[in-house]
Amino acid sequence: MANLEHIKISEEAKNFLASNHQLLIDGEWVSSTSGEKIPVFDPGTEAKIAEVDSGNEDDISLAVSAARKALTGEWSKIPSHDRAQLLNKLADDIDTCLPLLAELEVLDNGMPLALAHYSIAGHGTTLLRYYAGWATKIQGDTIPVSPGGVVNGESITYTRREPIGVVGAIIPWNSPLIFAILKLAPALAAGCTVVLKPAELTPMTALFLGELIRKSGIPKGVVNIVTGYGETAGNALSHHNSVDKIAFTGSTEVGKKIVAASVGNLKRVTLELGGKNPVVVFPDADLDKVIPGAARACFFLQGQNCMAGTRLFVHKDIFDPVVAGIKEMAESFKIGHGLDPEKDFGPLISDTQRKRVMSYIQSGIDEGAELITGGEMVGDKGFFVKPTIFTQIHGDMKIAKEEIFGPVLCAQSFDNNDLEAIAQQANDTSYGLSGSVWTQNISVAHKMAMLINAGQVSINWHAAVDPAIPFGGNKQSGWGREFGKEGLEPYLKTKATSVIF
């Protein structure tokens, strides 16, 4: 491990990073069949912090076999209230390890420490406890019918909700631990078994979670974790004919490949993909709420967030003060390593991602957008890019249409109150994940929310997320929903049984 003495890092984190990071298959840590390793880097320093085993198709097959065996083994016989208790215990164990997990999340992903604490405690363990509550509420129906012409009273038909089976969960790098929990919690509540493939850039907290799962009382083979590259381990998991469902969060491009891979055995697929989300601000909006809200909407997680509000539409009467206020906030962010408590804006995940973002910034300049602030890399080490704002945007510009996944805001004005015309601008993208409307006119707010073609819209807030609120995208932002009751449904199937007396 590289020298990190200039960063305050705990001995527990150092020891974990320096340990041997293998694959979790059938309840045991095992070496990959290839013996190959994947280096893991701290995006805040560019230092190598760990190595993990690189799983391949053979390792995926072993993990899927373990999950298949566990599906019909002890796990299938555990009552629903005991599954709920196991999920609640896992949440308690995560709470106990919260400081260490948050530290590892920062070293792995780069996010500020306060944000890591908030996301794990505010969403991760809350999700586990929320779906633990659902485990005891999965039930079927009794249907008053006469199948095959049988006279009423001489038959009974009922349904059972059963686990979909073996789930392949492929998670992204932008909030790795939360996405691991988001896939595991509903799957385990439903009684499924899982093969989890973390992003190769951010595998550390998933592996730590694996050890907590191993000690939690959850039977072996119920959760298997295979670290590896997307084109090898992820591809093998997507194609595997003994996998019943793929749950994927990531890019639209990869999502389309997963859909193609699912054809072999017609496995179920849920996809949470990209976004190019509108923030629509009307002239009566409270600017004291709009300015910080719009800044957070775009720059949260350095813009590496599928829900990021990167397309700002503001009425011309307040356009200048709104942009000026967001510019002031953007320039006030303290850029630096996530473990530095004085910093609140971290790095991008990798040099590749930084180059991608910088290429979009250059394209905006080349296409005639006006650069208001930012647009520059920061420092000699770490993948830092300043928060960036463009105005003078036209709808056909690359920065207006394509997902950048970085801290780049495109601000446009509108000059009328024709809601359908405004919505046409807001919807002029291939994505439909999230959006927000800012106004004190409740009628305008509801009408505009209805017109925005997105799976989730917030009023006077952006990205209002809660474990009970369904979340997912329209158009090329994905298939299906996560969170809430709707997030449990994709992990269940229905069996109808008719009894003839």
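In what order do the 7 strands of the open sheet with mixed pairing stand? The order is 14-17-18-13-12-20-21. The model is predicted. The points below cover this sheet, the helices lying across it, an open sheet of 3 strands, a nonpolar surface patch and the surroundings of His123.

**Sheet of 7 strands**

- The sheet is open and its pairing is mixed.
- Strand 14 (370–373) and strand 21 (456–459) are the edge strands, and each of them pairs on one side only.
- From one strand to the next, the twist averages 20°.
- Edge strand 21 pairs with strand 20 (residues 434–438) in the parallel sense, over 4 bridges.
- Within this pair of strands, Val437 stands opposite Ile459 of strand 21.

**Helices across the sheet of 7 strands**

- Helix 13 (residues 351–366) lies across strand 14, strand 17 (388–391) and strand 18 (408–414).
- The angle between helix 13 and strand 17 is about 25°.
- Helix 16 (residues 442–451) lies across strand 20 and strand 21.
- Relative to strand 21, helix 16 runs at about 165°.

**Sheet of 3 strands**

- This open sheet has the strand order 5-6-24, with antiparallel pairing.
- Strand 5 (142–143) and strand 24 each have a single partner strand, so one side of each is left without a neighbour in the sheet.
- Strand 6 (residues 155–163) pairs with strand 24 in the antiparallel sense, over 9 bridges.
- Pro163 has Leu492 of strand 24 as its bridge partner.
- Strands of a sheet pair through backbone hydrogen bonds, in either the parallel or the antiparallel sense.

**Nonpolar surface patch**

- Ile156, Tyr158 and Phe501 make a nonpolar surface patch of about 300 Å².
- Phe501 belongs to the segment after strand 24 (492–500).
- Phe501 counts as exposed because its relative accessible area is 64%, and the cut-off for exposed is over 50%.

**His123 and its contacts**

- His123 is part of helix 6 (residues 113–135).
- The relative accessible area of His123 is 18%, so this residue is buried; the cut-off for buried is under 20%.
- With neighbours within four places in sequence left aside, the contacts of His123 are Tyr118, Ile178 and Val465.

How values were computed
Residues numbered from 1 in each chain as written. Predicted model: local features only at pLDDT ≥ 70, side-chain atom pairs only at ≥ 80, totals over all residues. Heavy atoms only, no water. Patch = residues over 30% accessible without salt bridge, like charges linked within 9 Å, V, L, I, M, F, W, Y side chains within 5 Å. Areas by Shrake-Rupley, 256 points an atom, 1.4 Å probe, with all protein chains shown as cover. Salt bridge = Lys/Arg side-chain N within 4 Å of Asp/Glu carboxyl O. Helix = DSSP H or I, 4+ residues; strand = E, 2+ residues; numbered from the N terminus. Buried < 20%, exposed > 50% of the residue type's maximum accessible area, 1.4 Å probe, protein only. Pairing = 2+ DSSP bridges. Axes fitted to C-alpha atoms, helices over the stretch in contact; angles between N-to-C directions. Contact = heavy atoms within 4.5 Å.
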